[in-house]
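Here is a short tour of a single chain, written for someone who likes to know the cut-offs behind each term. Have the structure open and follow along.

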Amino acid sequence: MKKMDYQNVKGTQDYLPNAELVRREIRRTLEDVFIQYGCKPLETPILNYTELLTSKYGGGAEIVDEMYTLSDRGERDLALRYDLTIPFAKVVAMNPTLRMPFKRYEIGKVFRDGPIKTGRFREFTQCDVDIVGVASQIAEAELMVMALDAFRKLDLKVTIQYNNRKLLTGMLDVFGTEYEKINQVVLILDKLEKVGLEAVVSELNDQGLSNSTITLIKQFLTDERNSSLSYFKSFSQQNEEVRRGLEELKELEAYLEFLSVNKQCVFNPFLARGLEIYTGTIYEIFLSDKSIKSSIGSGGRYDNAIGGLIGTNENFSTVGISFGLDVIYTAMSSSEKELKENPNVDYYIVPLGTQKESLLLANYLRNKGYKVEYEMSNKKLGKALDKANKEKIRNVIIIGEDEVENNQYKVKDMFSGDERIETFHY
């Protein structure tokens, strides 16, 4: 008989209990923050029509190339969702009676057949918040402050980089970039920090841009003044997109300064967020210690997606942010941040020849609302205590014949070593 290939599919992985406990704690922390910020829960299907996910209001050509496609028995073209954004836009398009502004969160699996690297997989979990119905940059400020709050509670120091797509594409227009090449140039500029200036210039040459355009872009990339919004004032008088982008950034910066988070939120004039869906402010979240180079969260404004799906070209002011659960877990693992205590077990009961009585106590404590693990494999006391230490279970209950005879049970605190006697009638 041929041996079955039982390895994981490339780009996927199992999470054993110790790892999954940490992941679930991350998820609970994020969900608690989302709820605290007034977000309502939503769940959307993993399966979608291919036409929806490949529309021009979706993730763009780069993500579509990574999409998993399939067909059902009716030979309909389907695909696994590659993010939670377009399924959310579909929900709003299908439910015109939703009360605005509408703020939702969703946590779920998404799938991309893309490159694999540290913290990046082909099956992964996204944790998204989106706000529809708010034109002001106060929506972006709310999501950025929420992100800082969430990572503070996860004990991870982060920096948020932000920019505006109107500003960036307007500048490229000023430099003489042909309209049909702007999106591709945006994708190239997005690689600046990863590949460096010379590699970016080389790719720009490959696009067939004029020498004057490339010279102007290179000057823009290397000008020390470009990290200040005042640098763009003269350009805003030449180009409407630059003017509008600059206005939005000034509004956002005013909120960030007022909320005293402007030191953690940094303007990056080359941040591009390659997805074509974005229409305004964009942002990415990075670990301050750079132990992971890629972002651990990102988002932006995409005002055209919902109207585009409805087919009316109506503007629905929409802004979102997404946190990658898997990359956050990788970050916490690499920094040796883990749970100090097992949150799934309040008591671990070890019977010493007292199986029935111990099971009775376990049921009693569970009915009281405690989480109880009962040792069913007749482990000797030493091995049971060793298990409790390894699994970070704080309270171990030991029940021997003497405890049963005296209607008692012994609780051992594995962290402090203290013991106490409690009364229970068997």
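## The second largest pocket

Let us begin with the second largest pocket, which has 23 lining residues; Tyr179, Asn183, Glu276, Tyr278 and Asn304 lie nearest its centre. Three elements, α6 (165–174), α7 (182–189) and α12 (240–258), give two or more residues each to this lining. Of the elements, α6 gives the most, with five residues. The pocket holds about 810 Å³ of space. Sorted by class, its lining has nine charged, eight polar and six nonpolar residues.

A few terms are worth pinning down here. On a 1 Å grid over the protein atoms alone, a pocket is an open set of points with protein on both sides within 12 Å along at least five of seven lines, a cavity is a set where a 1.4 Å probe fits but cannot get out, and lining residues have an atom within 4 Å of a point. Points are joined across faces, edges and corners, and the volume is the space filled by probe spheres set on them. Ala, Val, Leu, Ile, Met, Phe, Trp, Tyr, Cys and Pro count as nonpolar, Asp, Glu, Lys and Arg as charged, and the others, Gly among them, as polar. Helices (H or I, at least four residues) and strands (E, at least two) are DSSP runs numbered from the N terminus.

## The model and the chain

This is a predicted model, in which local features need pLDDT of at least 70 and side-chain atom pairs count only at pLDDT 80 or more, while totals for chains, interfaces and linings use all residues. Residues are numbered from 1 along each chain as its sequence is written, and side-chain values use heavy atoms, with hydrogens and water left out.

The chain has 17 helices and 16 strands. Its C-alpha atoms fill a box of roughly 90 × 55 × 50 Å along the principal axes. Of its 426 residues, 50% count as buried (under 20% relative accessible area, with exposed over 50% and partly exposed in between, using a 1.4 Å probe and protein chains only). One buried residue is Ala384, with a relative accessible area of 0%; its place is in helix α16 (residues 381–390). Ala384 and Ser236 are 148 residues apart in sequence, and their C-alpha atoms are 70 Å apart in space.

## A cavity and a salt bridge

How many cavities of 30 Å³ or more does the structure hold? There is one, and the largest cavity has about 30 Å³ of space. Its lining consists of Thr12, Gln13, Tyr15, Lys109, Phe121, Glu123, Phe124 and Asp326. By class, that makes three nonpolar, two polar and three charged residues.

Two of these lining residues, Lys109 and Glu123, also meet in a salt bridge (3.6 Å, N to O). Lys109 is in strand β5 (residues 102–111) and Glu123 in strand β6 (residues 123–132), so the pair ties together parts that are 14 residues apart in sequence. Lys109 is partly exposed at 31% relative accessibility, and Glu123 is partly exposed at 26%. Another lining residue, Asp326, belongs to a network of salt bridges with Glu20, Arg23 and Arg24.

## More charged pairs

Side chains of opposite charge can pair when their charged atoms come close. The structure holds 29 salt bridges, each being a side-chain nitrogen of Lys or Arg within 4 Å of a carboxyl oxygen of Asp or Glu. In helix α12, Arg244 and Glu241 are three residues apart, about one helical turn; their salt bridge has its closest N and O atoms 2.9 Å apart. Arg244 is partly exposed at 36%, as is Glu241 at 29%.

Asp413 and Arg394 form another salt bridge (3.1 Å, N to O). Asp413 lies in strand β15 (residues 408–413) and Arg394 in the loop between α16 and β14 (395–399), so this pair ties together parts 19 residues apart in sequence. Asp413 is buried at 13% relative accessibility, whereas Arg394 is partly exposed at 29%.

## A buried charge without a partner

Asp83 sits in the loop between β4 (77–80) and α4 (85–94). Asp83 is buried yet has no salt bridge, and the nearest side chain of opposite charge, Arg112, is 4.6 Å away. For charge, Lys and Arg count as positive and Asp and Glu as negative, with His and the chain ends not counted.
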